[in-house]
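Hi everyone, thanks for making the time this morning. I'd like to walk you through one residue and then some enclosed space, so please have a look at the screen.

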Number of protein chains: 2
Amino acid sequence: MGRRGKPSAPGALLFISHLDDPAAWKRELTSRIPGLGYRVGPGLTDADDVEVALVWAPPPGELKRYPNLKAILSLGAGVDHILNDPELPRGVPIARLVDPMLTRLMSEYVLLAALRHHREFDVFERHQRRRLWEYRFPPDAARRRVGVMGLGVLGADAAAKLAANGFAVQGWSRRPKRIAGARTYHGPRQLERFLNATDVLVCLLPLTPATRGLLDRRVFAALPKGAFLVNPSRGALLVDDDLIEALDSGHLAGATLDVFHREPLPRDHPFWRHPKVLVTPHIAAAGYPETAAPQVAENVRRALAGRPLLHPVDPEAGY
Amino acid sequence: MGRRGKPSAPGALLFISHLDDPAAWKRELTSRIPGLGYRVGPGLTDADDVEVALVWAPPPGELKRYPNLKAILSLGAGVDHILNDPELPRGVPIARLVDPMLTRLMSEYVLLAALRHHREFDVFERHQRRRLWEYRFPPDAARRRVGVMGLGVLGADAAAKLAANGFAVQGWSRRPKRIAGARTYHGPRQLERFLNATDVLVCLLPLTPATRGLLDRRVFAALPKGAFLVNPSRGALLVDDDLIEALDSGHLAGATLDVFHREPLPRDHPFWRHPKVLVTPHIAAAGYPETAAPQVAENVRRALAGRPLLHPVDPEAGY
């Protein structure tokens, strides 16, 4: 190897995220790809060497500044935070993050939220504020039907973990899919039947033009009385006012929300004060540099070599 | 069979519980044991036919009223609610309830409580009251050490479920025990080492003279700063004031309590208003008549026939 001399240095990677740690990612990636340039944006000047971008929510117009960009890699499972850039450079391949740790965290969040509603900790928290002791016979998870919308990597894993912990699980997806141990439905025509048989609705759909505002009053009306909503996907899937109406009418019994139309959730938003809503600050899942780096490094190598990416995104479908 | 004529009717069962459904238990037991008399107490007169008692927290002095009692069967996993009767008839065998559903419910409660602390839902609930959005990078369950005290049927199952859901699990018991996938400690001399390495302490010990008041300031001091307590066992294991002191000093970060010295928890008890304590009304687990009945029916048959009971209790050890 040494005889051929030092290979020409690979290009540089541009890192942009206000949530992830640039130093940890630098450590993981430069150790795997010797010579990789590593630059933290946004707003670099003189950046012709940037060939790959690893990003969470880059500012609109940012990515078009890099003329030699060969790939855009998401730091999240979703890519709506990239695709919503109206000036996104066309034709640059995009890949999502598939990180076993991110998947594990998401399923854990979903399981916790489902268990919390199922075992009525939400009710007992409200009772505690009134110092009310009210015994309830503990319910059977096998009779609690959890319906998972979206059966990609995240939805399929969440469904499996919910089933492993005793819930009656079913799934719905845009296109037909099978998952072990759970009945599946697909497409708009089977949505109502799926919802009719769902006591805890878990949304793990990507945000696309087709899913924006999907969680609306018609969806809630199709759920049985007393059902719950868990949304750790994207805030724009939900019509906030419709959820509040469904909760206030008593049709829905509670909601666990991790994502919102605007984040941080504005202080005057009614979700903050709603007794049946639990707000968490977009913490359901995150990419861990240690666990995601092997796959990201492979995609960086592929991008630099002009080869097809793993986990590519179809910009038309939005996921 | 018919040739021998109708067998003599078996004796009667006495049912006592203010939490369980006498009709459901009657249905399950009389369908399994034809001819079984079924009487609901306490306070029966003329009860010489009672040969078996199926009880939760019978009033003190109650069980000595039945001169032909051959067995006392608990409606719960613990038997302290029977053994604390100072006039308990001596020499009558006692059995605990081993119900796969009760075990499942208990492990589910423990998993939920551990996940809720681990994923900081307790923190986010407090933040929500202040409308505070504070992002925290999601923590890794593999680095959260859950220590289970008590490795009987319930403790062993809880440890397995916690491990299956990604936690780092270890166990402690009075006598040496092994459980799959978890390091175990035993006896008073290894208690401190166990506690030093426990971030979430789960108490599934029986209440006995040896365990009363075990969860005290020395135990809390041996836990790492920021640890949590989960107690779904019995309230009398805990020294309430020591827990409050450990929480208020900031050494412990939170507690989930299902059981209390007095139940219902008195309205003036400080746990109700403590921001780091979640109070649930003794709902962690219960015997389901449908799932527990086969084992209870077998013990009723054994008692009527004078044979040894399943899951017998050693009154000296208290479990």
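Let's begin with A:Ser173, which sits in strand β7 of chain A, a strand covering residues 168-173. Keep in mind that this is a predicted model. Is A:Ser173 buried or exposed? Its relative accessibility is 3%, and buried means under 20%, so A:Ser173 counts as buried. And what does A:Ser173 touch, if we leave out residues up to four places away in sequence? The contacts are A:Leu151, A:Tyr185, A:His186 and A:Gly187.

Now for the empty space. Searching the whole structure for cavities of 30 Å³ or more turns up two.

The largest cavity holds about 40 Å³. Its lining draws on chain A, with A:Phe124, A:His127, A:Leu132, A:Trp133 and A:Glu134, and on chain B, with B:Trp272, B:Val279, B:Thr280 and B:Pro281. By character, that lining splits into six nonpolar residues, two polar ones and one charged.

The second largest cavity comes in at about 30 Å³. Here the lining consists of B:Leu54, B:Leu73, B:Ser74, B:Ala95, B:Arg96, B:Leu97, B:Gln295, B:Val296 and B:Asn299. Which element gives the largest share of this lining? That would be α9(B), with three residues. In chain B, both β4 (71-74) and α9 (289-305) contribute at least two residues each. The lining of this second largest cavity has five nonpolar, three polar and one charged residue.

That's my tour, folks; I'm happy to go back to any of these spots on the screen.

Note on methods. Residues are numbered from 1 along each chain as its sequence is written. Chains are lettered from A and ligands numbered from 1 in the order in which they are written. This is a predicted model: local features need pLDDT of at least 70, side-chain atom pairs count only at pLDDT 80 or more; totals for chains, interfaces and linings use all residues. Side-chain values use heavy atoms; hydrogens and water are left out. Helices (H or I, at least four residues) and strands (E, at least two) are DSSP runs, numbered from the N terminus. Buried means under 20% relative accessible area, exposed over 50%, partly exposed in between (1.4 Å probe, protein chains only). Contact means heavy atoms within 4.5 Å. On a 1 Å grid over the protein atoms alone, a cavity is a set of points where a 1.4 Å probe fits but cannot get out, and a pocket is an open set with protein on both sides within 12 Å along at least five of seven lines; lining residues have an atom within 4 Å of a point. Grid points are joined across faces, edges and corners, and a volume is the space filled by probe spheres set on the points. Ala, Val, Leu, Ile, Met, Phe, Trp, Tyr, Cys and Pro count as nonpolar, Asp, Glu, Lys and Arg as charged, and the others, Gly among them, as polar.
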